[in-house]
Amino acid sequence: NFTFGQGGYYSPQNYAAINIPLDYRSRIGDLSYRVGGTLGYVNWRESDSPAFPTNAGMQALADAEARKPRSPNDAAVISRFPGQSQNGIIGGLRADVDYALTPQLSLGGAIRYDKAANFDETRVLLRLNNRF
């Protein structure tokens with residue numbers, strides 16, 4: 001959905017999710033860590049929308065072009081993006097580790113993976129923390 005006025009972003013009209021988190025944290029000397037995850041279920045609905053919602057002239061041209069008969073070798077013209085409803089399992093995994101170099105300074109890292117409604121995200125982080 002990347003057209004003028006659309007933006008291409010995920011924007012459902014209804015979204016409901018439930019997640020159950022589980023975390024374990026511990027420390028061994030100067031090393032602290034956390035591992036965890038979430039497991040859940042999602043249901044969402046996205047309405048259909050015009051390809052050019054902010055430009056009536058371009059939308060009228062797209063509608064007219066989409067109505068023209070096409071041969072099997074011609075590409076289809078879409079003047080509206082279809083709505084959709086989906087549901088399913090969502091969740092994520094995470095791990096963090098920190099090592100105290102001094103009482104004020106620690107070196108750490110984290111990794112995260114999240115599966116949401118219609119996207120996956122992976123993040124990796126390396127950090128140096130100083131407490132004043």
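Gln59 is found in helix α1 of this predicted model. At 10% relative accessibility, Gln59 falls under the 20% limit and therefore counts as buried. Its side chain makes polar contacts with backbone atoms of Phe52 and Ser79. Elsewhere, the structure holds 11 salt bridges, and a nonpolar surface patch of about 540 Å² includes Leu107 and Leu128.

**Gln59 and helix α1**

- A polar atom of the Gln59 side chain lies 2.8 Å from the backbone nitrogen of Phe52.
- The Gln59 side chain also reaches the backbone oxygen of Ser79, at 2.8 Å.
- Not counting neighbours within four places in sequence, Gln59 is in contact with Pro50, Ala51, Phe52, Ser79 and Arg80. Phe52 and Ser79 thus appear both in this contact list and as backbone partners of the side chain.
- Helix α1 covers residues 56–67, which is 12 residues. From first C-alpha to last, α1 reaches 17 Å, close to the 16 Å expected at 1.5 Å a residue.
- At the start of α1, a side-chain oxygen of Asn55 comes to within 3.1 Å of the backbone nitrogen of Gly57.

**The loop after α1**

- Ile78 is placed in the loop between α1 and β4, the latter being residues 80–81.
- Ile78 counts as exposed because its relative accessibility is 54%, and the cut-off for that class is over 50%.
- Ile78 and Arg67 are separated by 11 residues in sequence and by 9.5 Å in space, C-alpha to C-alpha.

**Arg94 in strand β5**

- Arg94 is found in strand β5, residues 84–100.
- With a relative accessibility of 16%, Arg94 counts as buried.
- The side chains of Arg94 and Asp23 are joined by a polar contact of 3.1 Å.
- Apart from residues up to four places away in sequence, Arg94 touches Pro21, Leu22, Asp23, Arg34, Val35, Gly36, Gly37, Thr38, Ile111 and Arg112.

**Salt bridges**

- Arg34 and Asp96 meet through their side chains in a salt bridge, at 3.5 Å from N to O. Arg34 lies in strand β2 (residues 31–46) and Asp96 in strand β5, so this pair ties together parts that are 62 residues apart in sequence.
- Both Arg34 and Asp96 are buried.
- Asp96 forms a salt bridge with Arg127 too, where the closest N and O atoms are 3.6 Å apart. Because Asp96 lies in strand β5 and Arg127 in strand β7, the pair ties together parts 31 residues apart in sequence.
- Arg127 is buried, as is Asp96.
- Another salt bridge joins Arg123 and Asp114, with the closest N and O atoms 2.9 Å apart. Arg123 counts as partly exposed at 40% relative accessibility, and Asp114 counts as partly exposed at 23%.
- Salt bridges with shared partners link Asp23, Arg34, Arg94, Asp96, Asp98, Arg112 and Arg127 into one network.

**Which residues make the nonpolar surface patch of about 540 Å²?**

- The patch is made by Tyr99, Leu101, Leu107, Leu126 and Leu128.
- Leu107 lies in strand β6, residues 105–115. At 41% relative accessibility, Leu107 counts as partly exposed, since the bounds of that class are 20% and 50%.
- Leu128 is found in strand β7, residues 120–130. Leu128 counts as exposed because its relative accessibility is 57%.
- Leaving out residues up to four places away in sequence, Leu128 touches Leu101, Leu105, Ser106 and Leu107. Of these contacts, Leu101 and Leu107 are themselves members of the patch.
- Leu128 and Leu31 are 97 residues apart in sequence, and their C-alpha atoms are 14 Å apart in space.

Note on methods
Residues numbered from 1 in each chain as written. Predicted model: local features only at pLDDT ≥ 70, side-chain atom pairs only at ≥ 80, totals over all residues. Heavy atoms only, no water. Patch = residues over 30% accessible without salt bridge, like charges linked within 9 Å, V, L, I, M, F, W, Y side chains within 5 Å. Areas by Shrake-Rupley, 256 points an atom, 1.4 Å probe, with all protein chains shown as cover. Salt bridge = Lys/Arg side-chain N within 4 Å of Asp/Glu carboxyl O. Helix = DSSP H or I, 4+ residues; strand = E, 2+ residues; numbered from the N terminus. Buried < 20%, exposed > 50% of the residue type's maximum accessible area, 1.4 Å probe, protein only. Expected span 1.5 Å × (residues − 1). Polar contact = N/O pair within 3.5 Å; in protein donor to acceptor, adjacent residues only side chain to side chain. Contact = heavy atoms within 4.5 Å.
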